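This briefing covers the fold, the strand pairing, the helical part and two backbone details of one chain. The sequence and the structure come first.

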Amino acid sequence: MLLVFGLSAFFRTVGEGVFHCQACGGDRGYRRRIGRRWFTLFFLPVIPLDRLGEIVECHTCRARFRPAVLRLPTADQLTAALSAGMRAAVALVLRAGVEGDEAARRRAVEAVRGYGEEYYDDEALEGDLGMPAAFLAEEIVPAGAHLAVEAKEWFLARAVRVGLADGPLTERERQTLRDVAGHLGMTHAHALGVIAMTEGAAR
Ligand SMILES: [Zn+2]
């Protein structure tokens, strides 16, 4: 009798969800699976061998990743963090200047829409203006955590432009912008540079 034996890996699913797949580039469904190698006889698993650990498999492209990939934000989560951060930043800057200035409010709404919240409007802005300063400050921190250095500069420049819409920056607006930069994780000198550059470009 001919014995057919070999080694095969078998996986079982232990969880599912949505993650950002770096292989096919988007928010996708995934399966979290645990693998084990088996000794097989006639292609049937008979003796369990070593554990192969956990993998995360993309539903769409079948690429496999280590579970740490689940710690990365999905594109949706990223957009939500960035637009929430910009909402908070423009509310703080507006409050430091002329809150009712029409040009400034329009620019604030545009800045938030630029971060993916396309239905943001003046009414939503009014609601944000009523939020406590400490809450707004905390909304900016996660945005900063997701942004690269150049993207932080871009973010801060958007906020500076809101401050400039009602005329040159007041000392209070300047202080607020430096605070916003601090929440983003920028150094004081870096913030001063970006603020000065944005003022220069607006002249
Ligand atoms: Zn994929």
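The points below are grouped by topic, from the whole chain down to single residues.

The model is predicted. The chain holds 7 helices and 4 strands, and the order along the sequence is β-β-β-β-α-α-α-α-α-α-α. The domain assignment splits the chain into domain 1 (5–71) and domain 2 (75–202).

**Overall shape**

- The C-alpha trace spans about 90 × 35 × 30 Å along its principal axes.
- The radius of gyration of the chain is 25 Å, whereas a compact globule of 203 residues would have one near 17 Å.
- Between the C-alpha centres of domain 1 and domain 2 the distance is 42 Å.
- Buried residues make up 31% of the 203 residues of the chain.
- Of the contacts with a separation of 6 or more, 65% join residues that are 24 or more positions apart.

**The sheet**

- The 4 strands make an open sheet with antiparallel pairing, in the order E1-E2-E3-E4.
- Strand E1 (5–21) and E4 each have a single partner strand and stand at the edges, so one side of each has no neighbour in the sheet.
- E1 pairs with E2 over 16 bridges in the antiparallel sense; in this pair Glu16 stands opposite Arg31 of E2.
- Strand E2 (residues 26–41) is also paired with strand E3 (residues 44–58), antiparallel and over 11 bridges. Here Arg36 faces Arg51 in E3.
- E3 and strand E4 (residues 64–65) are joined by 2 bridges, again in the antiparallel sense. Val56 has Phe65 of E4 as its bridge partner.

**Hairpin loops and positive phi**

- Most residues other than glycine have a negative phi. Two loop residues of the sheet are treated here against that background.
- Phe42 is placed in the loop between E2 and E3, in a hairpin with 2 residues between the strands. Its phi is positive, near 50°, and the residue is not a glycine.
- Is Phe42 buried or exposed? Phe42 counts as exposed because it has 10 C-beta neighbours inside 10 Å.
- Arg62 lies in the loop between E3 and E4, where the hairpin has 5 residues between the strands. Arg62 has a positive phi of about 70° without being a glycine.
- Arg62 is exposed, since 11 other C-beta atoms lie within 10 Å.

**Helix H5 and its surroundings**

- Helix H5 (residues 149–164) has 16 residues, which at 1.5 Å a residue should span 22 Å; the end C-alpha atoms are 23 Å apart, in agreement with that value.
- The buried residues of H5 include the nonpolar Phe155, Leu156, Ala159, Val160, Val162 and Leu164.
- Lys152, Glu153, Arg158 and Arg161 are also among the buried residues of H5.
- Which helices do the buried residues of H5 pack against? They pack against helix H1 (75–96), helix H2 (102–113), helix H4 (133–146), helix H6 (171–184) and helix H7 (188–202).

**Nonpolar cores**

- In soluble globular proteins, nonpolar side chains tend to be buried together.
- The largest nonpolar core numbers 38 residues, and the residues with the most contacts inside it are Ala89, Val90, Val93, Leu156, Ala159, Val180 and Leu184.
- H1, H2, H4, H5, H6 and H7 are the elements that give two or more residues to this core.
- H1 contributes the most to this core, with 12 residues.
- Leaving aside residues up to four places away in sequence, Val90 touches Ala108, Ala111, Val112, Ala159 and Val162.
- Another core, of 5 residues, lies apart from the largest one; Phe19, Tyr30, Val56 and Cys58 are among its members.
- Val56 thus appears twice in this briefing: among the residues of the core of 5, and as the bridge partner of Phe65 in E4.

Technical notes
Residues numbered from 1 in each chain as written. Predicted model: local features only at pLDDT ≥ 70, side-chain atom pairs only at ≥ 80, totals over all residues. Pairing = 2+ DSSP bridges. Expected span 1.5 Å × (residues − 1). Buried ≥ 20, exposed ≤ 12 C-beta atoms within 10 Å, placed from the backbone. Contact = placed C-beta atoms within 7 Å. Domains from an automatic or database assignment. Rg over C-alpha atoms; globule rule 2.2 N^0.38 Å. Core = buried A, V, L, I, M, F, W, Y, C linked by C-beta atoms within 7 Å.
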